[in-house]
Amino acid sequence: LTLHGNIVGTMNYMSPEQITGQPIDHRSDIFAVGLVLYELFSYCQAFPGSNLATLTYRIVHGQAEPLREVEPTLDAELCAVVDRAMARDPADRYPHLEAVRTDLLRIAARLSPTEAAALATEGPSSRPE
């Protein structure tokens with residue numbers, strides 16, 4: 001059970017609109033996916049911190065350090081996908097997760113065609129751990 005006005009979720013992965021009490025939709029999840037991708041590729045959180053006030057301010061008003069600067073060897077197009085998923089304004093994010101997946105698979109195919117084909121055709125249960 002939750003109470004009206006209480007924050008529900010993991011702060012480091014919440015969208016600006018969630019924090020500010022604006023209406024949310026599936027694009028808040030896309031923001032969270034962008035944050036997870038950022039962390040996956042950089043080994044650090046886009047908005048680190050445990051202090052609630054500092055963390056919420058960073059997410060709502062700050063900018064994550066550009067992924068390309070954190071990991072200069074990453075593909076520029078891959079960084080652009082993460083940046084778009086993490087856009088502050090929901091209208092600037094991907095319209096749906098399938099579009100994120102499509103872009104990531106296209107990039108993967110360019111970087112490693114064999115691995116991208118396997119990811120696109122195998123189900124999660126058939127992938128090695």
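**Helix packing and the nonpolar core**

Glu77, Leu78 and Val81 of α5 meet a set of residues in α6, namely Val100, Asp103, Leu104, Arg106, Ile107 and Arg110. Sorted by class, this α5–α6 contact comes out as five nonpolar and four charged residues, with no polar ones. The two helices pack at an angle of about 170 degrees, and their axes are 10 Å apart. Angles over 145 degrees count as roughly antiparallel, so that is the label for α5 and α6. Everything here comes from a predicted model, so the geometry is that of a prediction.

Stepping back to the overall fold, the protein has seven helices and zero strands. Read from the N terminus on, the run of elements is simply α-α-α-α-α-α-α. Of the 129 residues, 31% count as buried. As for how the chain meets itself, take the contacts with a separation of 6 or more: residues 24 or more positions apart account for 56% of them.

Helix α5 (residues 76–85) also has α2 (residues 26–42) as a partner, with the two axes coming within 7 Å and crossing at roughly 145 degrees. The handedness of this crossing is left-handed. On the α2 side, the contact is made by Ile30, Phe31, Gly34, Leu37, Tyr38 and Phe41, while α5 brings Leu78, Val82 and Ala85. The class count for α2 with α5 is eight nonpolar residues, one polar and no charged. Leu78 of α5 turns up in this contact and is also listed among the residues that meet α6.

Next comes the core. Nonpolar side chains tend to be buried together in soluble globular proteins. In this model, the largest nonpolar core holds 25 residues, and the members touching the most others are Tyr38, Ala46, Phe47, Met86 and Tyr94. At least two residues of this core are supplied by each of α2, α3 (52–61), α4 (67–70), α5 and α6. Ala46, one of those well-connected members, is in contact with Leu35, Tyr38, Ala64 and Met86 once its neighbours within four places in sequence are left aside. Two of these partners, Tyr38 and Met86, are on the list of residues that touch the most other members, too.

Zooming in on α2, Phe31 sits in this helix and has a relative accessible area of 1%. The cut-off for buried is under 20%, so Phe31 is buried. Not counting residues up to four places away in sequence, Phe31 touches Met14, Ser15, Pro16, Phe47, Ile59, Ala85, Met86, Ala87 and Arg93. Among these partners, Ser15 is 16 residues away from Phe31 in sequence and 5.9 Å away in space, C-alpha to C-alpha.

Ser28 is placed in helix α2 as well. With a relative accessible area of 3%, Ser28 is buried. Apart from residues up to four places away in sequence, Ser28 touches Ser15, Glu17, Gln18 and Arg93. Ser15 and Arg93 also appear among the contacts of Phe31.

Finally, there is the loop between α5 and α6 (97–111), which is where Asp92 is found. Leaving out neighbours within four places in sequence, Asp92 is in contact with Arg84 and Ala87. Ala87 is also touched by Phe31. Asp92 and Arg27 are 65 residues apart along the sequence, with a C-alpha to C-alpha distance of 9.5 Å in space.

Definitions and conventions. Residues are numbered from 1 along each chain as its sequence is written. This is a predicted model: local features need pLDDT of at least 70, side-chain atom pairs count only at pLDDT 80 or more; totals for chains, interfaces and linings use all residues. Side-chain values use heavy atoms; hydrogens and water are left out. Axes are lines fitted to C-alpha atoms, for helices over the stretch in contact, and angles run from 0 to 180 degrees between N-to-C directions. Helices (H or I, at least four residues) and strands (E, at least two) are DSSP runs, numbered from the N terminus. A crossing is left-handed if the near helix is turned anticlockwise from the far one by less than a right angle, and right-handed if clockwise. Contact means heavy atoms within 4.5 Å. Ala, Val, Leu, Ile, Met, Phe, Trp, Tyr, Cys and Pro count as nonpolar, Asp, Glu, Lys and Arg as charged, and the others, Gly among them, as polar. Buried means under 20% relative accessible area, exposed over 50%, partly exposed in between (1.4 Å probe, protein chains only). Angles under 35 degrees count as roughly parallel, over 145 as roughly antiparallel, 65 to 115 as roughly perpendicular and the rest as oblique. A nonpolar core is a set of buried Ala, Val, Leu, Ile, Met, Phe, Trp, Tyr and Cys residues joined through side-chain atoms within 4.5 Å.
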